[in-house]
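Colleague: I am new to this structure and would like to learn how its features are read. Could you take me through a few of them in turn?

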Amino acid sequence: MKAFIEQDLVAGIKKNDSTAKEKMYRMYRDEFLGWSFKALNMKDADKALSIYTDACVSSWSNIVSGKYELRPGTTFKTYLFSVAANIWRNQLRAESRRPVNVDVTQIKVPDDSSYQAPDALVDISEAEDAEEQKRNIVRDLVFNHMVDPCRSIFRYTYYEKLQYKAIALRMSYASERVVVTMASRCRKKLETALRNRFKEAGLI
């Protein structure tokens, strides 16, 4: 039954259906939390949720671009959790600034059993859940729907934490003032898109 559900959801994501993305996000969220604490030895629930959200956004992008297709005998969950494991490994490497000896191919992601989230994570309040949805929507819009230069400006500003001067050099702009102007225009576009998506999701 879950295989058929995944087929429908992957097909929906292929069409950039936000409802399909939201359903899939919720389908494996709690199970991922439990799995990440056991298989990845993670201790921080907020970081686990952040990695999970990033993995979802990355996976959705690969579905839309055709880099990933659900094949017989495989599950999207296995792929999604593997993407998350790679993100976690890369974050560890970046934080430690040295190679991390983690072979993600050895991390087991069984399809026939479920990992339960720790008791402290099960009762996520409605307010926290709504904030999760909003962060998920923001990432989806920035990485899957915004086009350059806005997508790059947001990535450099909010995810790589670069200063405007550095962004100007990275994007070959004449000065940081150009970046400031472009960032202001991009924020207005994003705010409009976010209001529409938040309304659709019943978050405002």
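Modeller: We will look at the disulfide first and then at a serine in a helix, keeping in mind that this is a predicted model.

Colleague: How many disulfides does a search of the whole structure find, and which residues form a disulfide?

Modeller: A disulfide is recognised when two cysteine sulfur atoms lie within 2.5 Å. Here the search of the whole structure finds one, and it is formed by Cys150 and Cys186, whose sulfur atoms are 2.1 Å apart. The link between Cys150 and Cys186 is left-handed, with -80° about the S-S bond.

Colleague: Which parts does the pair tie together?

Modeller: Cys150 belongs to helix H7 (residues 150–159) and Cys186 to helix H9 (residues 176–200), so the pair joins parts that are 36 residues apart in sequence.

Colleague: Are Cys150 and Cys186 buried or exposed?

Modeller: A residue is called buried when its relative accessible area is under 20%. Both Cys150 and Cys186 are buried, and Cys56, at 1% relative accessibility, also counts as buried.

Colleague: Where is Ser59 found, and what does Ser59 touch?

Modeller: Ser59 is found in helix H3 (residues 45–65), and with a relative accessible area of 0% Ser59 is buried. A polar atom of the Ser59 side chain lies 2.8 Å from the backbone oxygen of Ala55. Leaving aside residues up to four places away in sequence, Ser59 touches Phe76, Tyr79, Leu80 and Val83.

Notes. Residues numbered from 1 in each chain as written. Predicted model: local features only at pLDDT ≥ 70, side-chain atom pairs only at ≥ 80, totals over all residues. Heavy atoms only, no water. Helix = DSSP H or I, 4+ residues; strand = E, 2+ residues; numbered from the N terminus. Buried < 20%, exposed > 50% of the residue type's maximum accessible area, 1.4 Å probe, protein only. Polar contact = N/O pair within 3.5 Å; in protein donor to acceptor, adjacent residues only side chain to side chain. Contact = heavy atoms within 4.5 Å.
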